[in-house]
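Biologist: Thanks for making time for me today. Could we put the model on the screen and talk through its chain contacts and one of its pockets?

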Amino acid sequence: MHKKRKILDEKEMERILKRLANEVIEKNKGCKDLYIVGIHTRGVPLAHRIAEYIEKFEDEKIHVGSLDITLYRDDLSSIEHQPVIQDSILNFDIEGKKILLVDDVLNTGRTARAALNAILDYGRPGSIQFLVIIDRGNRELPIQADFVGKYVPTSKDEIIQIQLKETDNADNVLIYEKNEES
Amino acid sequence: MKNTLNLTGRNLYDLDDYSVEEIETIFETAKVMKEINKRDYKKIPTLRGKTVVTLFFEDSTRTRISFELAAKRLSADVVSFTSAGSSVKKGEGIQDTVYTLNAMGVDLYIVRHSCPGVPKLVNKYSGKPVLNAGDGRHAHPTQALLDMFSIWEKKGSLKGLKIAIVGDILHSRVVRSNLIGMKKMGANVVVCGPRTLMPPKIDEVYGAQCVYDLDTAIKDADVVMALRMQLERQTEGLFPGLSEFTNRYGLSKKVIRSAKGDVLIMHPGPMNRGVEILPEVADSDHSIIIEQVTNGVAIRMALLFLILGGKPEREVA
Amino acid sequence: MILLKDGQVYLSDKKKFEKADVLIDKKIVKKIAPNIEESKAEIIDCTDKHIFPGFVDLHCHLRDPGYTYKEDIATGAVSAAKGGFTSICCMPNTNPVIDNVSTLNYLMRKARDVGKTKIFAIGAMSKGLEGKEIANIASLVKGGVVGLSDDGNCIQNAKLQLNVMRYGSIYDIPMICHSEDYSLSGDGQVNYGYESTKLGLPGIPTLAEEIMVSRDIMLADVTGTHVHIAHVSTKRTVELVKQAKKEGIRVTAEVTPHHLVLTEKACEDYNTNTKMKPPLRSEQDRQALIEGVLDRTIDVIATDHAPHSDYEKELEFIKAPFGVIGFESAFPVVYTELVKKGIISLELLIDKMTARPAEIIKRDVGLLTEGGSADITIIDLDESYIFDEDEILSKSKNSPFIGKEMSGRILYTICDGKFTWKKA
Ligand SMILES: [Zn+2]
């Protein structure tokens with residue numbers, strides 16, 4: 001077995017999400033015309049949580065959507081199993097709006113690239129911002145997040161695992177070595 | 001968790017080698033594709049760099065356009081090869097045609113031919129996945145999938161539905177594929193038409209109920225599908241004429257009265273209005289004939305994506 | 001001289017096996033007895049091997065003249081020898097058709113030159129096999145044909161068929177009928193039934209055969225001619241022939257190895273090597289054919305060896321020609337599927353591949369007796385092997401049995417006292 005190490009627990013996660021929500025409000029001077037879009041899978045519950053905090057702080061209703069980027073990936077032929085596409089739900093017109101993309105981990109930047117392409121196929125937003133909980137480095141494309149919960153420089157042999165209450169019954173961020181055999 | 005689904009690199013000759021789970025995956029994927037088709041910008045980059053050829057030895061503009069649109073919306077390059085004006089007419093066989101296309105780097109073949117079994121032959125010569133776009137009267141699986149998808153979308157499931165298919169059963173590839181697929185998805189299918197236009201042992205082969213009078217077929221049906229009636233069957237001595245056919249088997253208002261209140265009326269197209277289906281039915285609220293065409297593009301996009309995207313499955317932990 | 005030692009010898013006069021030696025001197029079987037001593041003879045050890053009379057095939061297509069890219073007389077003769085045949089009867093659907101003496105002479109001369117296998121010709125019933133005018137039957141008979149047939153085609157016009165039989169009846173040779181009603185077979189590709197529905201291919205109903213068999217039996221009755229029904233494929237045909245025989249009508253019948261062991265199910269993969277006329281039928285039909293062989297309604301097992309080149313069979317199912325080759329697989333296939341499984345006896349199989357067909361063509365072949373001609377085939381019944389495409393000696397490889405495992409290896413074939421096949 002490989003050794004797991006906890007980087008964030010539930011409390012720290014909550015603190016980070018609140019901070020990020022505040023940063024988003026500060027940068028956008030409120031939340032007018034702000035639409036939050038989570039990237040499947042774990043970006044979606046995170047988008048909802050960020051939205052909740054912003055709604056609480058600003059007392060305003062925030063629209064949240066979800067985006068499946070499978071069809072936009074450039075590494076489809078290296079995926080080892082049948083990709084499963086989930087519904088993308090964008091029940092609002094994105095034309096001229098401020099879009100905040102939310103994902104759990106920023107690594108190579110390829111997911112973000114695909115997400116940018118996907119969102120642009122829905123229309124021409126005024127601006128797109130990007131929020132992640134963990135930025136682990138290892139970039140392969142010139143992409144940066146506007147809001148980062150925590151920088152965790154890692155090697156490619158390490159795996160970051162984000163667990164969320166909504167999907168995994170607990171909030172945790174774990175790091176461990178890639179097991180050769182797995 | 002083991003991912004048992006794998007459509008990557010598969011052939012689609014007919015629905016018999018597709019499981020219920022796989023068919024449902026195709027439907028779920030088609031739903032996503034349908035949403036893309038509703039956008040102003042109807043193109044996604046998924047199959048960029050892949051080359052797809054529509055190899056049509058038999059003309060069918062509708063089906064070909066549907067496939068080509070599907071491939072183009074996924075950003076694949078599409079080459080269209082029809083036998084009219086091509087070297088096939090000059091006596092070049094399928095083997096040479098496929099060898100030539102293969103040498104040019106085709107990733108997937110979409111094949112239409114008047115002879116059953118040709119899609120398999122194209123795979124044998126090319127080693128590439130083949131989508132059957134209709135082989136003689138044998139199979140037309142993408143049509144069956146879009147038909148089933150259209151029902152599935154409206155009814156949520158095909159389980160327990162009574163589906164009546166009416167007309168020239170003998171010459172219909174659409175029926176054969178639908179019988180396999182619908183049966184698999186749990187529907188009760190009744191085929192109905194003149195006895196001379198009914199293939200032998202259809203009940204034994206497909207487990208379908210076979211009746212010769214329309215009233216029995218449509219009674220309490222959830223779905224009624226009419227098939228295209230071709231006039232040349234008359235000169236082949238298979239039935240006396242169109243007017244007698246229309247009187248006995250044409251879908252008229254009677255169908256809507258006798259079937260279930262929410263019956264869906266379908267037709268694989270192209271329709272002979274006033275022959276196998278009367279305008280009063282084809283244009284009624286029950287008709288989903290136009291939507292079938294819309295769904296055709298989505299289903300074909302889903303198939304292209306599932307077959308050409310991703311690589312052969314290994315066990316995924 | 002050749003001495004075959006210690007084999008299980010089929011004695012044609014007794015129709016049974018005995019352990020014995022066989023001494024061959026020139027073209028003749030000199031002696032069949034235990035423990036023959038002959039110092040001058042080449043000795044072949046036949047311990048645990050079976051010694052049969054050379055097989056006689058009543059129905060094959062040698063494609064020569066006209067279609068020698070499929071087969072010619074030389075390759076056909078060699079392929080037949082490899083299958084244990086020493087006498088074969090070839091159908092007249094060549095180009096030109098064997099409906100005239102000069103084509104017949106060409107065939108006979110070439111057959112003599114090749115020498116390997118005794119080749120008998122079957123002449124056409126109608127000129128050019130067109131079903132319009134009676135062929136020169138009298139001249140053909142004088143030229144030595146052993147039967148008449150429009151095989152591959154079938155005379156649709158009942159009056160012409162009647163006249164052919166009337167005209168030919170005085171010569172006492174079999175009228176070999178490929179019975180097929182074209183209006184019913186149409187563009188059919190496989191048996192009309194389960195598989196035609198499943199495969200979406202036009203079907204050939206059993207009726208297409210049965211209606212014509214009924215006609216031909218009635219014509220045999222009226223004209224008193226010997227009618228031989230080629231390649232029986234259906235249950236009702238077996239019943240019709242059985243009934244006709246009971247009524248004393250001069251009818252005989254043959255069945256092919258493929259109809260005896262395969263059904264329409266073999267077509268499921270659109271393999272064009274399963275496409276032939278008549279088509280492979282249902283299991284019920286197959287069982288009736290076996291029954292017919294057992295109760296002697298069916299007299300003969302004949303190959304209907306019908307070579308077609310690779311590029312003709314590598315086509316869409318509908319475009320591919322009908323027919324499969326049969327010489328090299330005939331005995332092992334029937335032996336494996338019917339004899340070894342205890343369905344028919346070895347003696348019965350040998351009778352239907354030797355004495356019975358010889359009787360029908362009235363030629364002195366197919367018998368293993370002292371003083372008879374030395375036409376012999378030696379087989380190791382126990383040897384199992386895969387029927388390999390690369391080992392086929394026919395010019396064409398269109399066999400439905402490629403890749404199948406079978407028992408019964410033909411080790412030697414001797415025709416007129418000479419080896420025509422030796423398994424290396
Ligand atoms: Zn024949």
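Biologist: Which side chain of chain C meets B:Lys124 in a salt bridge?

Modeller: Bear in mind that this is a predicted model. The rule asks for a Lys or Arg nitrogen within 4 Å of a carboxyl oxygen of Asp or Glu. Here the N to O distance is 3.4 Å, and the partner of B:Lys124 is C:Glu314.

Biologist: How many salt bridges does the rule find across the interface of chain C and chain B?

Modeller: Side chains of opposite charge can pair when their charged atoms come close. On the side of chain C that touches chain B, 4 residues are charged, beside 9 nonpolar and 4 polar ones. Residue pairs in polar contact across this interface come to 8. For salt bridges between chain C and chain B, the number is 2.

Biologist: Which three residues supply the most of the area that chain C buries against chain B?

Modeller: Let me start with the interface as a whole: 17 residues of chain C are in contact with 23 of chain B. The area buried between them is about 1600 Å², with 60% of it from carbon and sulfur atoms. Of the area that chain C buries there, 36% comes from three residues: C:Tyr194, C:Thr197 and C:Glu316.

Biologist: And which pair of chains has the most contacts?

Modeller: Chains A and C can be set aside, as they do not touch and their nearest C-alpha atoms are 28 Å apart. That leaves 2 pairs of chains that touch, and the most contacts are between chains A and B.

Biologist: Now the second largest pocket, please: which helix gives the most to its lining?

Modeller: This pocket holds about 1200 Å³ of space, and 48 residues line it, with B:Arg112, B:His140, B:Arg173, B:Gly269 and B:Pro270 nearest its centre. By class, the lining has 16 nonpolar, 17 polar and 15 charged residues. Elements of chain B that each supply at least two lining residues include α2, β3 and α5. The most, 7 residues, come from α13(B).

Biologist: One last thing: how far apart in sequence are the parts that B:Glu22 and B:Arg10 tie together?

Modeller: This pair is a salt bridge, with its closest N and O atoms 3.1 Å apart. B:Glu22 sits in helix α1 of chain B and B:Arg10 in the segment before α1, so the parts they tie together are separated in sequence by 12 residues.

Technical notes
Residues are numbered from 1 along each chain as its sequence is written. Chains are lettered from A and ligands numbered from 1 in the order in which they are written. This is a predicted model: local features need pLDDT of at least 70, side-chain atom pairs count only at pLDDT 80 or more; totals for chains, interfaces and linings use all residues. Side-chain values use heavy atoms; hydrogens and water are left out. Contact means heavy atoms within 4.5 Å. Buried area is the accessible area (1.4 Å probe) that two parts lose on being put together, summed over both. A polar contact is a pair of N or O atoms within 3.5 Å; within protein, one must be able to donate a hydrogen and the other to accept it, and residues adjacent in sequence count only if both atoms are side-chain atoms. Ala, Val, Leu, Ile, Met, Phe, Trp, Tyr, Cys and Pro count as nonpolar, Asp, Glu, Lys and Arg as charged, and the others, Gly among them, as polar. On a 1 Å grid over the protein atoms alone, a cavity is a set of points where a 1.4 Å probe fits but cannot get out, and a pocket is an open set with protein on both sides within 12 Å along at least five of seven lines; lining residues have an atom within 4 Å of a point. Grid points are joined across faces, edges and corners, and a volume is the space filled by probe spheres set on the points. Helices (H or I, at least four residues) and strands (E, at least two) are DSSP runs, numbered from the N terminus.
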